[in-house]
Amino acid sequence: MTDTPSPQWPDTPLPQWPPTAPLDPVRRLRVLAAGVSGARVTTREIAVPCAEVEPLLADVDGELALLVPDMRRLRLTRADGDRVEAVARSRFGMHARFHGVRRPGWLWLQSRFVLIGIAATPSAARPGHTLVAFTGGVRVPGRAALVPVGVGRAGRKVLDRLDARLGRPG
Amino acid sequence: MPDDANRDRAIRLVVAAQRGDTLAMHELLDVLTPYAGRICAPIALADGPDAVQETLVAVFRSLHSLKEPAALYGWVRAIACREAVRVARRGSRSVPADLATLPQRGDPELAADIGDVLARLSPEHRAVLVLRDVEGLDERAAAALLGLRVGTVKSRLSRARDSFRKAWTS
């Protein structure tokens, strides 16, 4: 069972090879959504550069509450590196404390009852366009799961609003 | 393989993710992405990001069923290897060459970089190289993981190394 490598077999690690295979934010969103039962990923290509979309996704205090259905107000209460905390109030008056991660083109927030994930990455097919993706909904406590009702509709609403906000539908 | 601290951290994250904490899933994805990339990229080459995504989708989709969190890395490695070979075979960019047709010593093509030489191996040969020489598995473990006989793995490893060595030492 032994296999003695030839002395010529490289003692040094492979230099600069292979290239790494990082995941862009939209791919990350698909992976995480796969781990959440009932989650659905809604995607859309928007005819604006990613650099114009990213600031909207990062604006937890301002833009995000305008994008997410049923959310009247979202206030950032803490930011430490890429970790963020926020307090939300729904239009039904309920409060929720969110914890999450904010990175360029990426926002992942969870409260006890709600999950929100948004991602944006430059379109591979159309330069100057951006692929955006949304997942989220009402969480099932104690499980990595969403109540599988209206998750697709919620995603379309968020992306509709993002389209409208940017003023240039894809 | 990851060091003990990273392994312990990953195990804790698996347990938390299995209880429904999507932020633990998020952190686990940060931990596993480079590991999956290290296996997938040398096998799937330009299709590496697809292979990593499909690997991690499979991992997160089945994470709830992982009964032994300590077995996480072996489990991910097996999925990564399988998905990378599958994606590489599916991709039009993977047109494996007969090893006998690889450039010989003195051939001007040997000036090409090492990646180009490896790219001309079949996905299965690259998988053997990765498991044996990057992941450090012995032939028996590599054979079990790839669903091959030990003799087949030894043969592929020998031929792949030989071809690689010719380019490397030219």
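**Exercise 1.** Which residues have the most contacts inside the largest nonpolar core, and how many residues does this core have? Then establish where the core lies with respect to the domains of chain B.

*Solution.* The structure is a predicted model.

Step 1. The largest nonpolar core has 93 residues. Those with the most contacts inside it are A:Val132 from chain A, together with B:Ala36, B:Cys40, B:Ile43, B:Ala44, B:Ala84 and B:Ala127 from chain B.

Step 2. Helix α2 (residues 22-44) of chain B supplies the largest share of this core, 11 residues.

Step 3. The core lies between domain 1 (1-94) and domain 2 (95-170) of chain B, because both domains give residues to it.

Step 4. For a single residue of the core, consider B:Ala127. Leaving aside residues up to four places away in sequence, B:Ala127 touches B:Ile43, B:Cys81, B:Ala84, B:Val85 and B:Leu146.

**Exercise 2.** Describe the side of domain 1 of chain B that touches domain 2 of chain B.

*Solution.*

Step 1. Chain B is divided into domain 1 (1-94) and domain 2 (95-170). Contact between them involves 13 residues of domain 1 and 14 residues of domain 2.

Step 2. On the side of domain 1 that touches domain 2, the elements giving two or more residues are α2 and α4 (72-90) of chain B. Of the elements, α4(B) gives the most, with seven residues.

Step 3. By residue class, this side of domain 1 comprises nine nonpolar, one polar and three charged residues.

**Exercise 3.** Characterise the fold of chain B, and then the setting of B:Leu45.

*Solution.*

Step 1. Chain B contains eight helices and zero strands.

Step 2. Of the 170 residues in chain B, 44% are buried. Among contacts between residues at least 6 apart in sequence, 67% join residues at least 24 apart.

Step 3. B:Leu45 lies in the loop between α2 and α3 (48-61) of chain B. The phi of B:Leu45 is near 55°, a positive value in a residue other than glycine.

Step 4. The cut-off for a buried residue is 20 or more other C-beta atoms within 10 Å. B:Leu45 has 24 such atoms within 10 Å, and is therefore buried.

**Exercise 4.** Assess the confidence of the prediction for chain A.

*Solution.*

Step 1. The average pLDDT of chain A is 84, and 87% of the residues score at least 70.

Step 2. Among the elements of chain A, helix α1 (residues 25-34) has the highest mean pLDDT (97) and helix α3 (residues 63-67) the lowest (85).

Step 3. Over residues 1-16 of chain A, pLDDT stays under 50. For these residues the model has 11 contacts beyond four places in sequence.

Key. Residues are numbered from 1 along each chain as its sequence is written. Chains are lettered from A and ligands numbered from 1 in the order in which they are written. This is a predicted model: local features need pLDDT of at least 70, side-chain atom pairs count only at pLDDT 80 or more; totals for chains, interfaces and linings use all residues. A nonpolar core is a set of buried Ala, Val, Leu, Ile, Met, Phe, Trp, Tyr and Cys residues joined through C-beta atoms within 7 Å. A residue is buried if 20 or more other C-beta atoms lie within 10 Å of its own, exposed if 12 or fewer, and partly exposed in between; C-beta atoms are placed from the backbone. Helices (H or I, at least four residues) and strands (E, at least two) are DSSP runs, numbered from the N terminus. Domain bounds come from an automatic or database domain assignment. Two residues are in contact if their C-beta atoms, placed from the backbone, lie within 7 Å. pLDDT is the predictor's confidence in each residue, from 0 to 100. Ala, Val, Leu, Ile, Met, Phe, Trp, Tyr, Cys and Pro count as nonpolar, Asp, Glu, Lys and Arg as charged, and the others, Gly among them, as polar.
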